[in-house]
Structure formats: structure tokens, C-alpha cells
Amino acid sequence: EHICGVRGNMGAIQSYHDICKEIDILETRIRDLEREYKFWYRNCFGKDAWQQFPLDICLARMKEICDLVEMYVEILDEKEKTRKEIEQHMSEFEGIEYKVAYLRDVKGMTLPEVAAELGYSYDWIRKLSARTSRLKNGA
């Protein structure tokens with residue numbers, strides 16, 4: 001097994017957070033490229049476009065943008081698959097600490113919701129959550 005012990009499982013949670021950040025970055029980059037494509041399109045084919053940039057430069061950049069977006073979308077799809085696999089593995093962790101971390105970090109539940117879901121007091125879940133947060137952050 002690749003993930004062993006408490007720190008290993010908390011490492012999986014950190015990996016989950018990392019993959020989510022990577023997905024956010026890719027989505028942001030794709031949106032940015034799409035905006036840039038619109039800019040070039042307006043300057044190639046919009047009103048008074050001939051005064052802005054030469055057509056060959058516009059078309060070359062638009063093709064570069066399309067190629068980049070296609071590449072980033074493929075990478076994004078793979079990252080999404082990885083995220084779902086990590087979520088599946090995390091949902092199978094044993095032990096209350098892992099369940100707290102999973103419900104909090106993956107499912108986005110509040111600590112009162114986690115306490116209700118698991119049938120423990122809020123104070124106990126808050127303590128466990130603090131412990132798993134320290135482990136996740138390498139303390």
C-alpha cells in the first residue's frame with residue numbers, strides 16, 4: 001500500500017488539496033486563453049480590424065491559443081479523474097480522524113454537520129479536526 005499510517009493518510013488529504021488547486025489553475029488558464037482568443041478575434045474580424053494587427057499574426061496566435069486550450073483541457077480531464085480516484089480512496093479510510101477529514105475537506109461539510117453525520121459531539125469533532133489539520137500541515 002502506498003499510503004501508510006496517520007501521516008500517510010493525511011498526505012492523501014494534502015494530495016487531494018493539491019490536485020484541486022491544480023484543477024483551479026488549469027480552469028483559470030483556460031478561461032484566460034478563451035478571453036485572449038476573443039481579443040484576437042475582435043482585432044482580426046471586428047469593425048476596423050484591419051487597422052489593428054495583420055491578419056496572419058492574428059490567425060497564428062488564435063491557432064496557438066486553440067492548441068493550448070486543447071492541451072489544457074486534456075490535462076484537466078486527467079486531473080479530474082485523479083481527483084475522483086483520490087476521493088474514492090479517501091472515502092474508504094478507516095478511523096474517525098479520516099472520516100472527519102474526508103467529510104470536512106472533500107465533502108465540504110461544516111464541523112457541526114460532521115458531528116451530526118458521525119454521531120459525535122461537536123467539541124470532540126472540533127478536537128479531531130484540529131488534530132488532522134496539524135497532521136495535514138506537517139506539524
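Helices (H or I, at least four residues) and strands (E, at least two) are DSSP runs, numbered from the N terminus. This is a predicted model: local features need pLDDT of at least 70, side-chain atom pairs count only at pLDDT 80 or more, and totals for chains, interfaces and linings use all residues. Residues are numbered from 1 along each chain as its sequence is written, and side-chain values use heavy atoms, with hydrogens and water left out.

Start at helix 3, residues 96-106. Nine of its 11 residues are buried, that is, under 20% relative accessible area (exposed is over 50%, partly exposed in between; 1.4 Å probe, protein chains only). Among them are I96, Y98, V100 and L103. R104 and D105 are buried too. Just after helix 3, G108 takes a positive phi of about 75°.

V100 leads on to the largest nonpolar core. A nonpolar core is a set of buried Ala, Val, Leu, Ile, Met, Phe, Trp, Tyr and Cys residues joined through side-chain atoms within 4.5 Å. This one has 32 residues. M90, V100, V114 and I125 have the most contacts inside it. Two or more residues come from each of helix 1 (5-45), helix 2 (55-91), helix 3, helix 4 (111-118) and helix 5 (122-136). Helix 1 gives the largest share, 10 residues.

Now take I125. Beyond its neighbours within four places in sequence, I125 is in contact (heavy atoms within 4.5 Å) with V100, L111, V114, A115, L118 and Y120.

Finally, turn to N43, in helix 1. N43 is buried, with a relative accessible area of 9%. A polar atom of its side chain lies 2.8 Å from the backbone oxygen of F39.

Key: Polar contact = N/O pair within 3.5 Å; in protein donor to acceptor, adjacent residues only side chain to side chain.
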